[in-house]
Structure formats: C-alpha cells, structure tokens
Amino acid sequence: MTSRMAGSRPALQRKEQMTADRRRSTLGVCGMHPDHQEALKKNRVVLAKQLLLSELLEHLLEKDIITLEMREHIQAKVGSFSQNVELLNLLPKRGPQAFDAFCVALRETKQGHLEDLLLSTLSGLQHVLPPLSCDYDLSLSFPVYESCPPHKQLRLCTDTAEHPLDNGDGPPCLQVKLCTPEFYQTHYQLAYRLLSRPRGLALVLSNMHFTGEKDLEFRSGGDVDHSALVTLFKLLGYEVHVLLDQTAQEMQEKLQNFAQLPAHRVTDSCIVALLSHGVEGGVYGVDGKVLQLQEVFRLFDNANCPSLQNKPKMFFIQACRGDETDRGVDQQDGRSHGRSPGCEERDAGGRELLKVRLPTRSDMICGYACLKGAAAMRNTKRGSWYIEALTQVFSQRACDMHVADMLVKVNGLIKEREGYAPGTEFHRCKEMSEYCSTLCRHLYLFPGHPPT
C-alpha cells in the first residue's frame with residue numbers, strides 16, 4: 001500500500017504541475033501576472049497576519065479591484081486573519097492591474113513595509129518587472145474630496161461616466177496659443193503692463209503626503225495638478241518656483257521668502273498656486289496645521305511687498321473650503337438669467353496729500369476651486385476638476401482674453417461637470433468655482449509678445 005502511494009506521487013505531482021502551468025498561462029493573458037501571484041504566495045502568511053483591511057478595502061473598491069459584494073463577503077468572515085486570507089484568495093483572480101493597485105493601496109494606508117516585502121520578493125524572481133509607479137494604467141478615473149474630517153472621509157464610486165474636460169484618461173499635452181501683434185496693439189493701453197522677461201515669478205506649492213493628528217489622506221492625483229500648472233506657467237513666460245510637502249510654518253516662511261525676492265522689482269506680475277487639503281479660510285500643511293489665506297495675501301500686499309505695488313498678483317487655491325457636498329438642483333423650465341453684481345464707489349475725500357496713497361491690498365485676483373463651506377473635487381487620475389479646467393482655458397484663451405474673463409470660462413466648465421456614483425448620496429454631485437478680484441485694469445497675459 002505504501003509503495004503504491006509513493007509511486008503515484010510523481011504522477012500526481014506532474015498532473016498538478018501541468019494544471020498549475022495551464023492556469024499560470026491563462027492568468028498571464030487575462031489575470032494577474034505569474035510573478036505577481038508568486039510574490040503574494042511567498043508572503044502569504046505574513047500578509048494574512050499583518051494586513052489591516054478597514055481602509056485598504058476602500059482603496060481596492062475605489063480602483064475597481066474588488067466589488068461591493070466581495071467587500072461584504074470578506075467582512076463577513078470571523079476574525080482579521082480569515083478576512084485577510086479571503087482577500088489573498090481573491091486578488092490573483094482580479095486582473096493584471098490588481099497587484100499594482102494592491103501595492104499602491106498598501107502605501108496609501110501606511111502599510112508600506114508590506115509593499116516593500118512584496119517588491120523585494122518580486123525583484124528576486126526570474127522575471128523581474130519594471131518598478132511600480134503610482135500612475136498605473138487603469139482606464140477608470142476616481143473622484144475624491146480635497147478634505148473632509150475623519151468621520152466624513154467618504155469616497156465616490158469608480159467614476160466610469162464622469163464628463164471629462166478632455167477625451168482622455170490623463171491631462172492633455174499643453175500648448176499655449178500665442179497672442180498676435182494686432183491683438184496686443186489694440187488692448188495694451190487698457191491693461192496692466194506685462195512685457196518683462198520673465199513675465200514674473202510663479203510659485204506652485206503642492207502638499208500630497210500628510211502626517212499629524214488630522215489623519216488627512218494622501219492627495220492622489222495632486223501630482224497631475226502640480227505638473228500641469230508648472231508647465232502652463234512656464235509656457236506663459238513665468239519663472240516657476242516649486243515647493244512640495246510643507247508644514248504650515250514652512251509654508252508661511254517660504255512664502256514670505258518668495259514675496260521678498262529681489263526679482264519682483266524687475267518683473268511685471270506674480271503667481272501663487274496652493275494645492276492642498278483645506279478648510280474655510282485656510283490650507284493645511286503636511287503636519288495637519290492650518291495656514292490662513294489672509295496671512296498669505298498679507299505677505300503680498302502693498303505694505304509688505306512694495307516690489308509688487310501696482311503689479312497684478314494672481315492666486316489659485318485648489319483646496320476644500322468646508323466639507324459640504326454640492327448635490328446640485330434640477331434646472332426649471334425657462335431661460336436662465338445672469339446678473340452682474342453692482343459696485344458702489346465712495347469718494348476718498350480731499351486731495352491735500354502730497355504722496356499717492358494706495359489701499360493696503362489691491363491689484364490681486366484669487367481663483368478658488370469651490371465656494372465657501374464646500375468640498376473641492378479631485379480626480380485621482382486626471383487631477384482636480386478646477387486645475388484641469390484652469391489649464392485648459394488659460395492655454396487656449398490667454399492669447400485673446402483677460403484673466404477675469406478666463407476665470408468666468410473656468411466657472412462655466414466647472415458648472416457643467418458632475419460626479420458619477422450610482423447608489424450613493426453623492427451621485428451627480430457638483431462643484432462651483434469662484435474668484436474675487438481687486439484688479440484695477442484688464443490683466444492680459446499676452447503670451448508670446450513681444451516675439452523673441
């Protein structure tokens with residue numbers, strides 16, 4: 001009996017090996033890559049013991065790696081070990097992108113040591129794959145909030161039918177249309193002077209990785225916004241400065257240093273773009289502390305930044321200003337009517353002063369991604385709705401439209417866009433951008449003029 005069983009083992013092992021080879025061949029075409037499966041298998045016990053699933057499952061659900069039914073099936077298991085085993089059983093069946101998405105989810109849920117373990121195992125296998133990238137190739141895009149308190153950090157479902165501002169999965173290749181000499185000649189007299197080379201200094205500050213007690217999430221897609229703005233401002237003729245992942249105090253100090261740069265004296269304008277989580281009136285540093293926007297504006301006002309007196313200063317804020325989601329309303333029958341807000345002027349009084357006086361703050365325009373109290377939307381693949389619209393409009397219309405009118409165009413694009421999350425209260429959610437201005441002349445950027 002024993003000898004017969006021993007003799008049958010090689011045949012059984014060969015049969016199992018052939019079955020495994022056929023399965024591996026099939027998965028190599030339509031499932032997880034064999035080396036990815038092997039990396040999961042070699043670390044199965046460690047993963048089953050150490051995985052923390054609560055937030056991880058939401059990341060995998062968002063990326064369409066698992067379904068709602070799968071999540072419920074996993075959570076129905078008794079004990080974390082059994083739940084982890086169930087996920088590990090599912091992952092190899094969830095397509096060629098599942099391993100990459102799983103690694104990214106580990107990183108974003110502060111389980112990077114497990115990602116490192118998998119990648120180390122992968123590098124030791126025979127077929128070494130290229131390094132993983134955050135921007136893995138998925139055809140779906142995912143909208144998330146710029147900021148919510150921990151108890152309201154809700155994510156929208158996979159965004160399969162969201163209306164894109166371009167017709168692709170990623171940001172378009174930016175090209176700025178140039179201003180014609182004829183347009184410049186007919187518009188420069190009523191506009192701010194904008195002829196210096198460079199046009200001015202631009203600062204793009206992008207916070208993506210957060211620590212601290214606020215438990216603010218990684219701003220997936222923020223790198224798309226950052227790259228798009230840097231490219232846009234360079235094409236518009238600006239010298240671009242970049243700051244990444246700054247605490248609130250570092251933001252304040254480095255913004256102050258930027259405002260005091262001597263180059264402002266010989267350039268004609270300035271741009272500051274802040275990309276972060278936010279609250280009404282402020283933006284978060286990566287330490288979870290808030291820098292008040294009024295402090296930012298103060299650093300560039302006429303009292304604190306005399307080098308930029310009478311020069312236009314542009315601010316763009318991509319951050320939440322609250323946590324309320326705009327559900328939108330159904331438009332009623334009939335033509336919509338727009339009103340322009342009135343403006344009341346007040347006589348400044350006598351003219352006995354010898355020196356020209358300036359208000360403390362003037363010649364500024366600030367674009368906000370959303371209204372007061374509202375959440376701003378960001379697509380994890382294409383970047384935020386607002387920055388995408390901003391770069392599209394400025395690249396196409398800076399040649400023949402001033403900044404305030406371009407921001408109206410941006411408002412129009414944002415107004416038309418909506419989220420897609422069937423079955424949730426966030427389905428067809430909306431966003432509305434706005435801007436405020438103390439500009440005193442038209443602000444044309446005159447790209448390409450005068451010709452070099």
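A residue is called buried here when its relative accessible area is under 20%, and the legends below use that word for a model that is predicted.

**View 1. Helix α7 and the elements that cover it.**
Helix α7 spans residues 98-108, and because ten of its eleven residues are buried, the helix is largely enclosed by the rest of the structure. The buried residues are A98, F99, D100, A101, F102, C103, V104, A105, L106 and E108, a list in which D100 and E108 appear alongside residues such as F99 and L106. Among the elements that cover these buried residues are α2 (34-42), α4 (53-62), α6 (80-90) and α8 (112-124). After the helix comes K110, whose phi is positive, near 60°.

**View 2. The largest nonpolar core, with F233 in detail.**
The largest nonpolar core of the predicted model comprises 51 residues, and within it the residues with the most contacts are F233, F316, F394 and L445. At least two residues of this core are supplied by each of α9 (181-187), β2 (200-206), α10 (222-235), β4 (269-275), β8 (313-318), α13 (385-397) and α14 (403-416). The largest share, seven residues, comes from α13. When residues up to four places away in sequence are not counted, F233 touches A202, V204, Y238, V240, I271, A273 and F316, and F316 is itself one of the residues with the most contacts inside the core. Apart from this core lies another, of 30 residues, which includes M32, L56, L57 and F102; F102 is also one of the buried residues of α7.

**View 3. S206 in strand β2 and its surroundings.**
S206 is found in strand β2, and with a relative accessible area of 0% this serine is buried. Leaving aside neighbours within four places in sequence, S206 is in contact with R219, G222, H226, L243, L244, D245 and L275. One of these contacts, D245, is the subject of the next view.

**View 4. D245 and its polar contacts.**
D245 lies in the loop between β3 (239-244) and α11 (248-259). With a relative accessibility of 28%, D245 counts as partly exposed, whereas S206, which D245 contacts, is buried. Apart from neighbours within four places in sequence, the residues in contact with D245 are S206, N207, M208, H209, E250 and V286. Two of these residues are reached through polar atoms: the side chain of D245 comes to 2.7 Å from the backbone nitrogen of M208, and it makes a polar contact of 3.0 Å with the side chain of H209. Although D245 and F210 are 35 residues apart along the chain, their C-alpha atoms are separated by 7.8 Å.

**View 5. Cysteines C305 and C320.**
The structure holds zero disulfides. C305 takes part in none, and the nearest cysteine sulfur, that of C270, is 7.0 Å away. For C320, the closest cysteine sulfur is that of C370 at 5.6 Å, which is too far for a bond, because a disulfide requires the two sulfur atoms to lie within 2.5 Å. C305 is buried, with a relative accessible area of 1%, and C320 is likewise buried, with a relative accessible area of 1%.

**View 6. Aromatic pairs that involve helices α11 and α12.**
Ten aromatic pairs are present in the structure. One of them joins F258 and F300 in a tilted arrangement, with 6.2 Å centre to centre and 55° between the planes. Because F258 lies in helix α11 and F300 in the loop between α12 (293-299) and β8, this pair ties together parts that are 42 residues apart in sequence. Both F258 and F300 are buried. A further pair, F297 with F315, is edge-to-face, with 5.1 Å centre to centre and 80° between the planes. The F297 and F315 pair links distant parts of the chain, 18 residues apart, with F297 in helix α12 and F315 in strand β8, and both of these residues are buried.

**View 7. An aromatic cluster, and an arginine over a tyrosine ring.**
Ring pairs link F183, Y184, Y188, Y444 and F446 into a cluster. In a separate detail, the charged end of R321 sits over the ring of Y368, at 3.9 Å from the centre of that ring.

How values were computed
Residues numbered from 1 in each chain as written. Predicted model: local features only at pLDDT ≥ 70, side-chain atom pairs only at ≥ 80, totals over all residues. Heavy atoms only, no water. Buried < 20%, exposed > 50% of the residue type's maximum accessible area, 1.4 Å probe, protein only. Helix = DSSP H or I, 4+ residues; strand = E, 2+ residues; numbered from the N terminus. Contact = heavy atoms within 4.5 Å. Core = buried A, V, L, I, M, F, W, Y, C linked by side-chain atoms within 4.5 Å. Polar contact = N/O pair within 3.5 Å; in protein donor to acceptor, adjacent residues only side chain to side chain. Phe/Tyr/Trp six-rings, centres within 6.5 Å; stacked < 30°, edge-to-face > 60°. Lys NZ or Arg CZ within 6 Å of the ring centre and 35° of its normal.
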